[in-house]
Amino acid sequence: MRALRRPVGVTGVVLLALVLFAAAFGPVLWGERATAVDTANLLAGPSAEHWIGTDNLGRDLFARVLVAARLSILLALAATAIAMVLGLLLGAAPMLLGRRLGRLVTASVNVLVAFPGLLLVLFFAVVFGVGARGAALAVGLAGAPAFARLCHTLIAGVSERDYVAAARIAGVGRARMLRRHVLPNIAEPVIVYATMTAGAALLTFAGLSFLGLGVQAPDYDWGKLMQDGLNGIYVHPLAALGPGIAVVLAGLAFNLTGEAFAAGPRRTHVLPPAGPPSPATAPARNSVLSADDLRVTIPGPNGPIHAVRGVSFSVGDGEAVGVVGESGSGKSVTALAVAGLLEPPVRVQAGHLAVAGEDLLAPGAHRRLGTSLAVVFQDPMTSFNPAHRVGPQLAEVSRFHQGLGRRAAFARAVDRLRAVRIGDPERRARQYPFEFSGGMRQRAMIGMGLMGEPRLIVADEPTTALDVTVQRQVLELLADVRRDTGAALLLISHDVSVVTDVCDRVLVMYAGRVVEELPAKDLRALARHPYTRALVAAVPDMETDLDRPLAVIPGLPVDPVDVPAGCAFAPRCPLADDHCRTVAPPLRDGVACHKAGEAP
Amino acid sequence: MKTATAGLKAGPRVGPRVGRWPRFALRRAARLLASLWVLVTASFLMIHLVPGDPVRAALGPTAPADLVLAHKEELGLLDPLWQQYATFLGHLLQGDLGVSIASRLPVGEVIAQQLPATAELALLAFLLAVAVAVPVGVVMAVLTRRGRGRRAELAFTGANVVVSAIPDFLLGVGLVYLLAVQTHVFPVAGRAGPDSYVLPVLALAIGPAAVLSRIVRVEMLAVMEADYVRTARAKRLTPVRVHVVHALPNAVTATLTIGGLALSSLVAGTVLVENVFAWPGLGSSIVSSIVAKDYPLVQGTVLVYGVGVLLINTVVDVALALLDPRSAIGEA
Ligand code: SF4
């Protein structure tokens, strides 16, 4: 009943209740008024007595609209019931009739679904003849294929589940299985869809009666009333519009109710107002990247997620800095913030955040980064636009930022593809990304970064999605690119060995903070933070005794919504004491730990 | 078949273009033929499914028995069913759809006369719907992504639900009331001069435009979260370029699929709208011929509508395959 908490759901249900009330009691309450002939008031306009006027016999049209609700709704429901039963049977055909016959039924349903409903309705209207009963059959039969397809999909989903398989093995009969095990499990979506179908059937019926193919005089439904009213639309528009409004309201009632229950609750998340800004500071000298007190907050379903909680660091010209940590440590978010790729509602705050001499916190800085900052993402399979060829995707950088023409930019793209060692770059540039292998795409992605003259390459887990041999090639390529261009590198990775191989300096992140910062060569031997040590211990190396179980870090990473007050690592730390649990250790001398360097 | 699999297996080396298209064409053509066969057979059977004596029903209870018999003879209803089917197919192949019972005119001629009016209406309405829906959907997606522009979103979805709940013929009636009866801006009915097109086209286009814009928005919202859009932003392109050049083409696939559905239901929707506006097209004639039980004419009209729908579906599929080369191999 959560649907009722949304305004849409409430509107739908209230409307539906009104419509059903009119259908149930309309003829009883207003039946007399609707048939009372008033010869003094033929075809009268709206008045206090007749709210939307009278028809050619002086009968009150408002009462007639209310009375017509019953026939309109009943016919729509009857048609829906026909569509539903038939659709269920057809949809269950593969289950009831066995594979081969079932497939034939499914194929025919697929052919029929391609035809618009109204066309099917007209076809059946021909067969069943003009009139209410024929129209109900026509609308019902025409609705069956779409219903059948839905049921087919639902049933296919359910019959893969364990209990159905178990029932099948236990030798439960087909019909019984359908009734006992399948139907109850698809009832909810089927009923939701049926509600919407009822709305659609109502409209179709109105259309049929309006065309004169549905309900015939002296009976009347809303469509018939509209048909009668249309001729007089010059003098008496409400006679046609009144029943029309009734149709729309009733259709809305069914649709809104169905939609509210189908969609379920949806929450959008908002951040509370920002806290006080960090005091503005100046970027470090000789650095290509400098961040001070960087904070990133992301709205989440259970409150704001403090993904990065005050990180300060810089990367010197030509330096290679690695950031390691488990997933959820904030390292990737840090990379995105540094690359200026986070957008509202994600909130980025910092004392300063400068990349290649541009202040990222100031508006308009981003465009100038087009040639000086290169970004390599984790998943090369999804990072290229599948709709465009590879060459033009690279060339776009030069066309857009360096003002090259189409030809010149494409030539540069080919040249860059060659530079990242892609064979036959001329042909490759004309291919779509899906024709590239994963490693090739990652190299092409690096090539894209080389279209400009990057001073900094931000690489977010560039090798994680690749297999081991390709990983090596990509890392070597990154090293070569740095040697050739002198670009600095910010390498994000969960893999300690990748970072130690490639980088000069390493930042270790945990729960949105830097917990240790040290030269890469010291990582294995000289780490002082218990978390860093645990990370390093978890990596097998030459000296690891492979007969002993691999070290793992006990416990789970911190829930970023609910970071504990003291040291975030305390729940998993072998050295933790009460002081650790209450006072957060600041980053001092490259390590944030009250007991830095102590042996466990 | 062999070349196709070989091309696929070898992947980029041989160039997957080889063999992909013939295979796709073959599969698509087979589906079109199967659907056509279903359509033709259904319209053949239609007259036989009518309970009672269709010719008697058409001519009325007072018609003399020998006239009924003569008509039956002419329609070939006295032959065995298989022979009727064969004759029907044979005639169809020659473009012969029979003779209308009511007007005694060849059905093909009647339809040829009315088809342009209907096709014009459907095509114009479709173009209008797409021209409105795509920009509106894109702009709404950009405005409301990631929970921004809450009010704009509420207004858009609210208006959208209401508008798409109003059937086209009712919109027609409403438009006639507002713009023809009340203000005399446009003619009430008929087909004469460009301004007579405005109301019927609007009535037909508004509903599909609402549905389509909703789809475009949802698709765009999904696409804008994709990694390659982040890549495009990392290239520091302008937002317009990111959205239009990088996101939109990827949203087109689903949009086109739904757009095709919208177009074919729009073709059917012309039936009602034509009746509201007394538009001299197929829709007006099919209704009157259903009421008059002029079966040959109904048969021919249903066939033409059905073929139209099937052609649209095929064109959409081919366009999809051209736009998104993966879909042509993907759906094996
Ligand atoms: S501060 Fe305490 S809990 Fe945190 S890492 Fe150091 S010793 Fe462990």
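**Close-up views of a two-chain predicted model**

In chain B, residues 24 or more positions apart account for 72% of the contacts (heavy atoms within 4.5 Å) that have a separation of 6 or more. The model is predicted, so that local features need pLDDT of at least 70 and side-chain atom pairs count only at pLDDT 80 or more, whereas totals for chains, interfaces and linings use all residues. Residues are numbered from 1 along each chain as its sequence is written, chains are lettered from A and ligands numbered from 1 in the order in which they are written, and side-chain values use heavy atoms, with hydrogens and water left out.

**View 1. Chain B, a chain of helices.** Chain B has 14 helices and zero strands, where helices (H or I, at least four residues) and strands (E, at least two) are DSSP runs numbered from the N terminus. Its C-alpha trace spans about 80 × 65 × 35 Å along the principal axes. Of the 332 residues in chain B, 47% are buried, meaning under 20% relative accessible area with a 1.4 Å probe and protein chains only.

**View 2. The six-stranded sheet of chain A.** The strands follow the order 7-8-9-3-10-11 in an open sheet with mixed pairing, two strands being paired if DSSP finds at least two bridges between them. Strand 7 (373-376) and strand 11 (513-519) of chain A stand at the edges with a single partner strand each, so one side of each is left without a neighbour in the sheet. Within the sheet, strand 3 (residues 320-324) and strand 9 (residues 488-493) of chain A pair in the parallel sense over five bridges, and A:G322 stands opposite A:L491 in strand 9.

**View 3. The surroundings of A:Q393.** A:Q393 is placed in helix 13 (residues 390-401) of chain A and counts as buried because its relative accessibility is 2%. Its side chain reaches the backbone oxygen of A:H388 at 3.0 Å. Leaving aside neighbours within four places in sequence, A:Q393 is in contact with A:F384, A:N385, A:H388, A:P433 and A:M448, and also with B:K235 of chain B.

**View 4. The shell around the ligand.** The ligand is surrounded by 13 residues, each with a heavy atom within 4 Å of it, and the closest are A:C567, A:C573, A:C580, A:C593 and A:H594. By class, the shell holds 10 nonpolar residues (Ala, Val, Leu, Ile, Met, Phe, Trp, Tyr, Cys and Pro), one charged residue (Asp, Glu, Lys and Arg form this class) and two polar residues (the others, Gly among them).

Definitions and conventions. Buried means under 20% relative accessible area, exposed over 50%, partly exposed in between (1.4 Å probe, protein chains only). A polar contact is a pair of N or O atoms within 3.5 Å; within protein, one must be able to donate a hydrogen and the other to accept it, and residues adjacent in sequence count only if both atoms are side-chain atoms.
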